[in-house]
Amino acid sequence: MAVAQLELVRRVRLSLTGLRHVHLGLCALGVVVPYSEFIRWLLQHGIDMDLFMRELFATPIGAFFAFDVVISALALFVFVFTERTAVRVRHVWLPVVATLVVGVSLGLPLFLYMRQRCLDANTF
């Protein structure tokens, strides 16, 4: 293999590794940022699902974000189960559970990380 080709392969590997690290960083942010607000709310109100739903849909903008997240989660589940067979990503239940427990802010970057690992393994 020519020196230029080897250099290109090295650069691609580094950029893909960097992409995986970005996805992991987004996983951390996806837990810390939303939960910092949710834990504060829980400490103030306790586990009051009726109040939670009332406050979530109290304004049109709150409803907008709630519906946006639900539809994004559904789109993520379709993507996860489609890519499971296309890219052969294993343990696809992990991002599904992460989405249901934390939200799309964790489920999506977690799945992208898992997917990128599979792509990297098949590329190199």
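Begin by selecting His 23 and displaying its surroundings: setting aside neighbours within four places in sequence, you will find His 23 in contact with Pro 109, Leu 112 and Tyr 113. The model on screen is a predicted one, and in it His 23 sits within helix α1, which covers residues 3-45. Is His 23 buried or exposed? With a relative accessibility of 10%, His 23 counts as buried, because the cut-off for that class is under 20%.

Now zoom out to the whole chain and colour it by secondary structure. The chain holds five helices and zero strands, and reading along the sequence gives the pattern α-α-α-α-α. Of its 124 residues, 27% count as buried, while the accessible surface comes to about 8,600 Å², 71% of which belongs to carbon and sulfur atoms. If you consider contacts between residues at least 6 apart in sequence, 56% of them join residues at least 24 apart.

Next, select helix α5, residues 104-123. At 1.5 Å a residue, its 20 residues should span 28 Å, and the C-alpha atoms at its ends are indeed 28 Å apart, so the expected and modelled values agree. The buried residues of α5 include Pro 109 and Tyr 113, both of which you have already met as contacts of His 23; also among them are Leu 110, Phe 111, Met 114 and Asp 120.

Stay with this helix and add Val 80, Val 89 and Val 92 to Leu 110, Phe 111 and Met 114: within the largest nonpolar core, which has 15 residues, these six touch the most other members. The elements giving two or more residues to this core are α3 (60-86), α4 (93-101) and α5, and α5 gives the most, with six residues. In soluble globular proteins, nonpolar side chains tend to be buried together. Centre the view on Val 92 and, leaving out residues up to four places away in sequence, look for its contacts with Val 80, Phe 81, Arg 84, Phe 111 and Met 114.

The charged pairs make the next stop. How many salt bridges does the count come to? The total is four, and three of the pairs can be visited here, starting with Asp 120 and Arg 20, whose side chains meet with an N to O distance of 2.3 Å. Asp 120 belongs to helix α5 and Arg 20 to helix α1, so this pair ties together parts that are 100 residues apart in sequence. Asp 120 counts as buried, its relative accessibility being 9%.

Move along α1 to Glu 37 and Arg 40, where the side chains form a salt bridge at 2.8 Å, N to O. These two residues are three apart in the helix and are therefore separated by about one helical turn. Glu 37 is partly exposed, with a relative accessible area of 44%, whereas Arg 40, at 55%, is exposed.

Then select Arg 54 and Asp 50, which form a salt bridge with their closest N and O atoms 2.4 Å apart. Both lie in helix α2 (residues 49-56), four residues apart, or about one turn of the helix. Arg 54 is partly exposed, its relative accessible area being 48%.

Finish on the surface by selecting Leu 19, Val 22, Leu 26, Leu 29, Val 32 and Val 33, which together make a nonpolar surface patch of about 510 Å². Val 33 has its place in helix α1 and is partly exposed, with a relative accessible area of 48%.

Definitions and conventions:
Residues are numbered from 1 along each chain as its sequence is written. This is a predicted model: local features need pLDDT of at least 70, side-chain atom pairs count only at pLDDT 80 or more; totals for chains, interfaces and linings use all residues. Side-chain values use heavy atoms; hydrogens and water are left out. Buried means under 20% relative accessible area, exposed over 50%, partly exposed in between (1.4 Å probe, protein chains only). Contact means heavy atoms within 4.5 Å. Patches are made of residues with over 30% relative accessible area and no salt bridge: like charges are joined within 9 Å, nonpolar side chains (Val, Leu, Ile, Met, Phe, Trp, Tyr) within 5 Å. Accessible areas come from the Shrake-Rupley method with a 1.4 Å probe; for residues, only the protein chains shown count as cover. The expected span of a helix is 1.5 Å times one less than its number of residues. A nonpolar core is a set of buried Ala, Val, Leu, Ile, Met, Phe, Trp, Tyr and Cys residues joined through side-chain atoms within 4.5 Å.
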